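Please walk me through this structure. Keep it brisk, and give the cut-offs as the terms come up.

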Amino acid sequence: MVVDDELWAALEALGRHRLPTLADVDPYGETLLRGDAVDRMVRELEGSDVARLRSAESQAVSTLLAWGLRCRVDRDLHLAFSGD
């Protein structure tokens, strides 16, 4: 589980335009990422300047990246985002 406060703070700090896949996640709804969407998210996160983030934000991004890499290996897995 990634706490949404850290995720949204990281998204703002890194730039929503640099992370369009995560920027499209509905904070009030349900979003599933799989396949090509996970591939895009991983590329976007790998190209991000995570050193600019605070510790909690960096941990959230690192966790998402690790999960994304795992989903790339096992295509039966997906990332689920559950909003308020």
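What follows goes from the strands to a helix crossing, then to the salt bridges and two glycines.

This is a predicted model, in which local features need pLDDT of at least 70, side-chain atom pairs count only at pLDDT 80 or more, and totals for chains, interfaces and linings use all residues. Residues are numbered from 1 along each chain as its sequence is written, and side-chain values use heavy atoms, with hydrogens and water left out.

Start with the strands. Helices (H or I, at least four residues) and strands (E, at least two) are DSSP runs, numbered from the N terminus. Strand β1 covers residues 30-33 and pairs with β2 in the antiparallel sense. Four bridges join them; pairing requires that DSSP finds at least two bridges between two strands. One partnership is L32 with A80 in β2.

Strand β2, residues 79-82, has alternating side chains. L79 and F81 point to one face and are buried. A80 and S82 point to the other face and are not buried. Buried means under 20% relative accessible area, exposed means over 50%, and partly exposed lies in between, using a 1.4 Å probe and protein chains only.

Now the helix crossing. Helix α1 spans residues 4-14, and helix α4 spans residues 55-73. Their axes come within 8 Å and cross at roughly 95°. That makes α1 roughly perpendicular to α4. Angles of 65 to 115 degrees count as roughly perpendicular, under 35 as roughly parallel, over 145 as roughly antiparallel, and the rest as oblique. The axes are lines fitted to C-alpha atoms, for helices over the stretch in contact, and angles run from 0 to 180 degrees between N-to-C directions.

Which residues of α1 and α4 meet? From α1 come E6, L7, A9, A10, A13 and L14. From α4 come A56, E57, A60, V61 and L64. Contact means heavy atoms within 4.5 Å. The residues of this contact divide into nine nonpolar, no polar and two charged. Here Ala, Val, Leu, Ile, Met, Phe, Trp, Tyr, Cys and Pro count as nonpolar, Asp, Glu, Lys and Arg as charged, and the others, Gly among them, as polar.

Next, the salt bridges. The rule asks for a side-chain nitrogen of Lys or Arg within 4 Å of a carboxyl oxygen of Asp or Glu. By this rule the count is four. One of them joins E12 and R16, at 3.3 Å from N to O. R16 counts as partly exposed, at 36% relative accessibility.

D39 pairs with R72 at 3.2 Å, N to O. D39 lies in helix α3 (residues 36-46) and R72 in helix α4, so the pair ties together parts that are 33 residues apart in sequence. D39 also meets R75 in a salt bridge, at 2.9 Å, N to O. R75 sits in the loop between α4 and β2, 36 residues from D39. D39, R72 and R75 thus form a network of salt bridges. How accessible is each member? D39 counts as buried at 12%, R72 as partly exposed at 30%, and R75 as partly exposed at 45%.

Finally, two glycines. G47 is in the loop between α3 and α4 and is exposed, with a relative accessible area of 66%. G68 is found in helix α4 and is buried, with a relative accessible area of 0%. What does G68 touch, not counting residues up to four places away in sequence? The contacts are V38, M41, V42 and L79.
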